Amino acid sequence: MSQIKQSSERPNSSDISSKTAIALVGGTLIDGNGGPPVKDSSVIISKGRIVDVGQVAEIQVPDMALVIDARGKYVMPGLIDVHVHYFDWMGELFLAHGVTTVKDLGNDLIWISTISSEIARGEVRAPRIFYVGNGLDAPPPARDTHVGVSNSEMCRLAVTLSQQKGATAVKVREKITPELLGAVADQAHRLGMPVTGHLRMTDAREAAQAGIDGLEHASGIVQALTRYPREIDPREDELTTFIADLKAWDLVDLDQGKHLMDFLAAKRVAIIPTLANWGRMASARRDRFAEEDAGYAARSALKYVPDMWRRIWEDSAVFRLSDNRVLAEVQKGYEKLQCLLVHYYEAGGRLLAASDTFISVPGASMQRELEMLVDAGFSELQAITMSTRDNSDFLGLSADLGTISRGKLADILVVDGNPLEDIRNTQRIHMVIKDGDVVDTNYHADYSVPTPRPAPTRPVWLESRLHS
Ligand SMILES: [Zn+2]
C-alpha cells in the first residue's frame, strides 16, 4: 500500500505543473465537424488535450478528474478568428468572447512574434496568435508595416526571412502584380505556408492562377468582373475606399459572379469576407452594435483600452452612414456580396469567418461575424463550422485545433443557450477553456503585457536584407 499515493498527500511540483483532468459532463456537444449535435456528451481533458469524447454512457471519467456539470449547456470548440490586427490590450476581450486563437494579418513582425511566445509560455492571458509577416507589396510600400518587393528574388527572400521569424502564412497587398504574386506563392508553398491577399491591382481570377490561397475581404472579385479601378486613389481615406468597395458589388452581373465563384471554389481559393468590419454599416443590426460598443467604452474595468479606441466605440461614427442615398447603395452592393458568398459555399468553396478587428471591439466583432454569416443565408451550424474547423484547416492546424476530437488541444467554449437555434447564444458564455485550463474571462483594470506594442516602424532588419 505504501507506494500508492494518498489523495491527502501534498502534491509535488511536477504534480502541480501537470494539469488536473477535467470532465465536462452532460452538455450538448457541437464538435465543429458540422454534424448533428450530440446530447448528453462527455469531454475528458488532460494535460491540455482532449483525451476522450463521446456520449456520457460510453466515456469513463478518470477518478481524479474535476467534474464540471454541463447539463443544459452547449459545448463547442473555441472560436478562431483568422483576420485580426492585434494590439497588446486585446487579449482579455478575445477570451471573454470565446476566441481562443487568432491570426494576425499585419503587424510589426518582431513584436508579434515576441508576444506570441509570451502567450505560449503562459505569461499573458490572451488567445494564441499565429501571424503573417510584414505585408508584401509592389514598391513603394503604402504603410510602415508593408515591405516593397520588386522582383522574384526579393519575393522569395522576404517569404523565407518571414518564416524564419515565425510567420506561418504570407500576406500580399493591393499593388502586388500577378508576376510578383506568383513568385511569393511558389516560395511560400515550398515552405508549406498559405498566401492570402488584400488585392486590388491583381484580380481574384489572376491571383487564383498565380497560386493565391485566400482572398481577404473578398477582395479582387469586383475587379475581375467589372471595370472598377485597380488603383487606390491616394486622395481618398480608407473609410471612403471601403464604402466605394462595398457599393461596387452592385456593379457585378450575378451570373458572371457565380461563374467566377465556381472557378474560385474549384481552385480551392478561400474567401475571408470579414463582414463584421465595414459590412457592419450595411447591416440591419448596426444600431444595436453601436449601442453595445458604447457599453464597452463605458466599462471601468476596460479603462486600460487606449482612449482612441474607446472614443471610436463611444459613438461608432465610422460605421454610421448619415446619407441615406449612400446607405441604400452600400446595402445593394452588400446584398449581392451575400448572395455570391452563398453560391460560392454551395459550390464547395472554403468560406472562413474572421472579424478584421482593428477599430471594432475584439471578440465581440468575431461574434458579430457569426451573426452576419447567418444573416447572409448560412445556417448556424455552418457559421460555427467555418469559425472553428474550417479556419483551423486553412491555418494548417487541423491536427491540433478546430474540433472537439480526441488528441486535439482542449480549446472549448461552453455556452448557456443553443446556438443552433439562435447564433447569438454563442455570446452567452458560461466557460472558456484554453489549452485545457479554465480561462478567467473577466476584465481586469491592471491588464498589461510584458512587451507592449511599439509604434509601427519600418522593418529595417528585413529591408536591409532584401536590398543587400
Ligand atoms: Zn485587416
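**Strand pairing and helix packing in a predicted model**

In this predicted model, Thr 28 stands opposite Tyr 74 in β5.

User: Over how many bridges do β1 and strand β5 pair, and in which sense?
Analyst: Thr 28 has Tyr 74 of β5 opposite. Strand β5 covers residues 74-77, and β1 and β5 pair in the parallel sense. The number of bridges over which they pair is two.

User: Which residue of β4 is the bridge partner of Leu 24?
Analyst: Strand β4 covers residues 66-69 and pairs with β1 in the parallel sense, over four bridges. The bridge partner of Leu 24 in β4 is Ile 68.

User: Which residue in β2 stands opposite Leu 24?
Analyst: β1 is joined to strand β2 (residues 38-46) by six bridges, and the two run antiparallel. Opposite Leu 24 in β2 stands Val 43.

User: Is strand β1 largely enclosed by the rest of the structure or largely open?
Analyst: Strand β1 has eight residues, 22-29. A residue counts as buried if 20 or more other C-beta atoms lie within 10 Å of its own. Seven of the eight residues of β1 are buried, so the strand is largely enclosed.

User: Which strands are the edge strands of the open sheet with the order β6-β7-β8?
Analyst: This open sheet has three strands with parallel pairing. An edge strand here pairs on one side only. That holds for β6 (79-84) and β8 (128-131).

User: What does the twist average from one strand to the next in that sheet?
Analyst: The strands come in the order β6-β7-β8. From one strand to the next, the twist averages 20°.

User: Which residue in β7 stands opposite Val 84?
Analyst: β6 and strand β7 (residues 99-104) run parallel and are joined by four bridges. Opposite Val 84 in β7 stands Asp 104.

User: What angle does the direction of helix α3 make with that of β8?
Analyst: Helix α3 (residues 109-120) packs on the sheet and touches β7 and β8. Its direction makes an angle with that of β8 of about 150°.

User: Are α8 and α12 parallel, perpendicular or oblique to each other?
Analyst: Helix α8 (residues 238-248) and helix α12 (residues 324-346) pack with their axes 6 Å apart. The angle at which they pack is about 55°. The two helices, α8 and α12, are therefore oblique.

User: How many nonpolar residues does the contact of α8 with α12 have?
Analyst: From α8 come Ile 243, Leu 246, Lys 247 and Ala 248, which meet Val 326, Glu 329, Val 330, Gly 333 and Tyr 334 in α12. By class, one residue of this contact is polar and two are charged. The number of nonpolar residues is six.

Conventions. Residues are numbered from 1 along each chain as its sequence is written. This is a predicted model: local features need pLDDT of at least 70, side-chain atom pairs count only at pLDDT 80 or more; totals for chains, interfaces and linings use all residues. Axes are lines fitted to C-alpha atoms, for helices over the stretch in contact, and angles run from 0 to 180 degrees between N-to-C directions. Angles under 35 degrees count as roughly parallel, over 145 as roughly antiparallel, 65 to 115 as roughly perpendicular and the rest as oblique. Two residues are in contact if their C-beta atoms, placed from the backbone, lie within 7 Å. Ala, Val, Leu, Ile, Met, Phe, Trp, Tyr, Cys and Pro count as nonpolar, Asp, Glu, Lys and Arg as charged, and the others, Gly among them, as polar. Two strands pair if DSSP finds at least two bridges between them. A residue is buried if 20 or more other C-beta atoms lie within 10 Å of its own, exposed if 12 or fewer, and partly exposed in between; C-beta atoms are placed from the backbone.
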